[in-house]
Amino acid sequence: MSKAVRYRRFGGPDVLELQEIPEPHAAPDEVRVRVTAAGLNPMDWQITTQPAMAARFGITLPAGFGSDFAGVVDEVGAEATGFATGDRVYGAAIGRSVADFVLVKTPAATLWPTPEGIGDEVAGVLPVSGLTASAALATIGLRTGDTVLIGGAAGGVGIFAVQLAKLAGARVLGTSSEGTFGFLRGLGAEPVAYGPGLADRVRALAPEGITAAADLFGREVAETALKLGVAPERISVVADGPAPPPGVRKAGALDADPGAMERIADAIHSGEITVPIAATFPVEQIREAVTTQAQRHVHGKIVIAL
Ligand SMILES: NC(=O)c1ccc[n+]([C@@H]2O[C@H](COP(=O)([O-])OP(=O)(O)OC[C@H]3O[C@@H](n4cnc5c(N)ncnc54)[C@H](OP(=O)(O)O)[C@@H]3O)[C@@H](O)[C@H]2O)c1
């Protein structure tokens, strides 16, 4: 038997159950990963609470939980390609990552070798947030010399977006609450408080203007950037919600460029990007972990240890 977080009805954290299930085994074209760490994303609990979102991902009840994971390949099907037993890997498997074992069909588009020197706790939070941050910046053509305003800059996606934008040579302004300013400065961003009056505060910080924006929380930063004269095609949003203003780009993890994940892992390996882990919860505390993240004031990533 093995453990997996699963749910039988849609709802909040209380629907999540740590179940004993028969141990899954790799089919001929699959590898099996013994998961040790799984990063949480808002989409994980949005799927459990929103049947329409679950349907978009082809998830039906009863269902598994979680998307990101890291661990070790421990079974390789006879026809599987690209990975061998004992390989350290990380990847994304929507709706089934918080489990002792994840099966991945090969050739695999969302399974990567974990570079030496990067622990599973870090590798296991990279795919959804890292790829989304990369796509949010790529779609607005972020470049050296830009002054970019990033909304929700201290969250799971924000930590990657801020550092990727700095690496691209941009000046980075990031929104957060005032208590988070020190954390954002540590990532290389100039903090600015979200909420009413944001446009005035941005003008005061950057009187020469901003040239691009990535809204990682809602629509406030996208609307503020438009008000400040940024061209709509230089503004992206990633969160579900009302249709973005005309011309503003919607981006998500699936829009990331090929090679984006490897570039982020390389930058972590070389010390150019750090990955703050806000908290690690044992899998038995999955409901507490989800409750914490759903409050939307996490700085960095939350990890589930298996
Ligand atoms: N389309 C995709 O593929 C995709 C992929 C990943 C994520 N997403 C979406 O992207 C969004 C961000 O995800 P995430 O993982 O970064 O979320 P997260 O980690 O939960 O974000 C938490 C951060 O949001 C900040 N925050 C709270 N209220 C805010 C407000 N009113 N304005 C601006 N920032 C605020 C908090 O800062 P303070 O603590 O300082 O308040 C905190 O640092 C979510 O809506 C998620 O669903 C989409």
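Reply: A polar contact is a pair of N or O atoms within 3.5 Å; within protein, one must be able to donate a hydrogen and the other to accept it, and residues adjacent in sequence count only if both atoms are side-chain atoms. The model is predicted, with local features needing pLDDT of at least 70, side-chain atom pairs pLDDT 80 or more, and totals for chains, interfaces and linings using all residues. Residues are numbered from 1 along each chain as its sequence is written, and side-chain values use heavy atoms, leaving out hydrogens and water.

Me: What makes the pair between the ligand and Val298 a polar contact?

Reply: A polar backbone atom of Val298 is 2.9 Å from an oxygen atom of the ligand, and the limit is 3.5 Å, so the pair counts.

Me: How do you know that Ser177 makes one through its side chain?

Reply: An N or O atom in the side chain of Ser177 is 2.7 Å from a ligand oxygen atom, and pairs within 3.5 Å qualify.

Me: Why is the ligand said to lie between domain 1 and domain 2?

Reply: Both domain 1 (2–126 + 276–305) and domain 2 (129–255) give residues to the shell, so the ligand lies between them. The bounds come from an automatic or database domain assignment.

Me: What makes β12 and β13 a parallel pair?

Reply: Strands (DSSP runs of E, at least two residues) pair if DSSP finds at least two bridges between them. Three bridges join β12 (residues 212–215) to β13 (residues 235–237), and the two run parallel, so they pair. One bridge partner of Ala213 in β13 is Ile235.

Methods: Helices (H or I, at least four residues) and strands (E, at least two) are DSSP runs, numbered from the N terminus.
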